Amino acid sequence: MLFRSELSAASKNGTVILYQENFWTGKKALIINGTPATKIGKKQFSFTAADGKATFYTVQGSFISGVKVEISDPKETVVLAQNMWYDWVILVLSLVGILPGVIFCGAVGGFFSALCCFLAAVFNMTIARSKMNFALRLLLQIVIIALANAVWVGLWFVIVVLLLNATQGAAAAAIAAVL
């Protein structure tokens, strides 16, 4: 599903942890060795093993910033996804287009730049978590950044032209009425 992330790893004792997060709904799920854990808090889960022993899991971070799971017994932290330095660079570059949109293009440009750049950031972090070849992944992320900025600038330009054309006739009529 689009914008639904799944991250998995195994703990030191061999427990397989699968974390699912839905971008649209915010729904989070934790699956331990193929069995869903019970959600007891916003990012806290409980899992009762076959022997009746309860273990608590706390999820830290998010799909964009990286995900870690803290296990209560035995005390352990399992890293499911961690951003490398180049992932942070791509994330920042994805969001840089918001500044010119807000500063130079007013509310309309600010809205479209924020919308397109945030979507680019989510797409780019989805690609960063993929198993794709590094060079192909980097090229695709750069293309997404360029495309997101081209889309918001194009939308802004079309709206500005339409507004100018719509108001130009009204301004001319107002001037003619005064003269």
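**Entry 1: Thr15 and Asn33**

I began with Thr15, which I found in the loop between strand S1 (4-10) and S2, keeping in mind throughout that this is a predicted model. Is Thr15 buried or exposed? At 13% relative accessibility, Thr15 counts as buried, since the cut-off for that class is under 20%. Leaving aside residues up to four places away in sequence, I listed what Thr15 touches and obtained Ala9, Ala10, Ile32, Asn33 and Tyr57.

From that list I followed Asn33, which sits in the loop between S3 and strand S4 (35-36). Thr15 and Asn33 are 18 residues apart in sequence, and their C-alpha atoms are 6.1 Å apart in space. With a relative accessible area of 48%, Asn33 is partly exposed, whereas Thr15 is buried. I also looked up the backbone of Asn33 and noted a phi near 50 degrees, which is a positive value in a residue other than glycine.

**Entry 2: the nonpolar cores**

I next asked which residues of the largest nonpolar core touch the most other members. Of its 17 residues, these are Ile17, Leu30, Ile32, Tyr57, Val69 and Leu80. I then checked which strands supply at least two residues each to this core, and the list reads strand S2 (16-22), strand S3 (28-32), strand S6 (44-48), strand S7 (54-62), strand S8 (66-71) and strand S9 (76-82).

For Ile17 I wrote down the contacts, again not counting residues up to four places away in sequence: Leu7, Ser8, Ala9, Leu30, Ile31, Ile32, Tyr57, Val69, Ile71, Val78 and Leu80. A second core, separate from this one, has 10 residues, among them Phe112, Cys116, Cys117 and Ala120.

**Entry 3: helices H1 and H2**

I turned to helix H1 (residues 85-95) and helix H2 (residues 98-128), which pack at an angle of about 150 degrees with their axes 6 Å apart. That angle makes H1 roughly antiparallel to H2, because the class takes in angles over 145 degrees.

On the H1 side, I noted that the contact is made by Asp87, Ile90, Leu91, Ser94 and Leu95, and on the H2 side by Ile98, Cys117, Phe118, Ala120, Ala121, Asn124, Met125 and Ala128. Sorted by character, the residues of this contact divide into 10 nonpolar, 2 polar and 1 charged.

While in H2 I also looked up Ile103, which at 58% relative accessibility counts as exposed. Ile103 and Val151 are 48 residues apart in sequence and 17 Å apart in space, taken C-alpha to C-alpha.

**Entry 4: aromatic rings**

How many aromatic pairs does the structure hold? I recorded 3. For Tyr86 and Phe134, the ring centres are 5.1 Å apart and the planes stand at 75 degrees, so I entered the pair as edge-to-face. This pair links distant parts of the chain, with Tyr86 in helix H1 and Phe134 in helix H3 (residues 134-178), 48 residues apart. I looked up the accessibility of both partners: Tyr86 counts as partly exposed at 24%, and Phe134 counts as partly exposed at 40%.

For Phe111 and Phe112, I noted centres 5.2 Å apart and planes at 70 degrees, so that pair is edge-to-face as well. Phe112, with a relative accessible area of 17%, is buried, and I had already listed Phe112 in the second core. Finally, I noted that Trp85, Tyr86 and Phe134 form one aromatic cluster.

Key: Residues are numbered from 1 along each chain as its sequence is written. This is a predicted model: local features need pLDDT of at least 70, side-chain atom pairs count only at pLDDT 80 or more; totals for chains, interfaces and linings use all residues. Side-chain values use heavy atoms; hydrogens and water are left out. A nonpolar core is a set of buried Ala, Val, Leu, Ile, Met, Phe, Trp, Tyr and Cys residues joined through side-chain atoms within 4.5 Å. Buried means under 20% relative accessible area, exposed over 50%, partly exposed in between (1.4 Å probe, protein chains only). Helices (H or I, at least four residues) and strands (E, at least two) are DSSP runs, numbered from the N terminus. Contact means heavy atoms within 4.5 Å. Axes are lines fitted to C-alpha atoms, for helices over the stretch in contact, and angles run from 0 to 180 degrees between N-to-C directions. Angles under 35 degrees count as roughly parallel, over 145 as roughly antiparallel, 65 to 115 as roughly perpendicular and the rest as oblique. Ala, Val, Leu, Ile, Met, Phe, Trp, Tyr, Cys and Pro count as nonpolar, Asp, Glu, Lys and Arg as charged, and the others, Gly among them, as polar. Rings of Phe, Tyr and Trp (its six-membered ring) pair if their centres lie within 6.5 Å; planes under 30 degrees apart count as stacked, over 60 as edge-to-face and the rest as tilted.
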